[in-house]
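Please open the structure in a viewer and keep the sequence at hand. The tour below proceeds one selection at a time.

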Amino acid sequence: MFYAKVIGKTYSNFKHPSLEGLDIKIIEDVNIVTGKLTGKKTLAMDPLGVSIGEYVAYEVSTEATWAFDLDMVPADTSITAIIDSRDIGGEDPV
Amino acid sequence: MMLGRVIGNVVSVIKDENYKGLKLLVVQELDMEGSFKDKFVISADLIGVGIHEVVMVANGTPARATQETKNIGLDSIIVAKIEKLIFEGREVDLQ
């Protein structure tokens, strides 16, 4: 899984049936040690309804299709967890 | 998920049996500012999009996670049309 921040959202009212009702967010990778944005942005399916500014973990490739109740969802990047805090090498958790 | 713009299509008579009836479009990747990146992909169009439209593409094995493509050997499908991109409080112009 990868660590990222939700930095934006999209509007799409014409989707494949299996994506109906799912949010598409814009996420940017974050270096989990430094906490800095890396500039690598992508779109991600959001089954959790995460709000902008939250830190998340996301799945890619085949695992991303399992993040949904439906068994067949064509998603190659899905947000699967909201990260509340991280503790790297004994520093204070963020 | 890849953001892209449909820039064309391909026609093929001799192809994998399972590709019969599939519309194959050429999609060029866009970055989140809406400008072209140097990456092109041939994607199967499952939802009926037009040329120049901004779309979202699923690549890799997830492209087979739909009823229509589960038995077809392909790794890129168009799954949504993207009307608006909003980040850093502003709307990215996709026209």
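**A buried pair in chain A**

Select Lys25(A) and Asp46(A): both are buried, that is, under 20% relative accessible area with a 1.4 Å probe, protein chains only (over 50% is exposed, and in between is partly exposed). This is a predicted model, in which local features need pLDDT of at least 70, side-chain atom pairs count only at pLDDT 80 or more, and totals for chains, interfaces and linings use all residues. Residues are numbered from 1 along each chain as its sequence is written, chains are lettered from A and ligands numbered from 1 in the order in which they are written, and side-chain values use heavy atoms, without hydrogens and water.

The two side chains form a salt bridge at 2.6 Å, N to O (a side-chain nitrogen of Lys or Arg within 4 Å of a carboxyl oxygen of Asp or Glu). Lys25(A) belongs to strand S3 and Asp46(A) to strand S4 of chain A, so the pair ties together parts 21 residues apart in sequence. Strands are DSSP runs (E) of at least two residues, numbered from the N terminus. Add Asp23(A) to the selection: Asp23(A), Lys25(A) and Asp46(A) are linked in a network of salt bridges.

**Across to chain B**

Next, display both chains. Here 27 residues of chain A are in contact with 29 residues of chain B, contact meaning heavy atoms within 4.5 Å. The rule finds 0 salt bridges across this interface.

Now select S1(A) and strand S6 (residues 84-87) of chain B, which run antiparallel and are joined by 4 bridges; strands pair if DSSP finds at least two bridges between them. Within S6(B), Ile86(B) is the bridge partner of Lys9(A).
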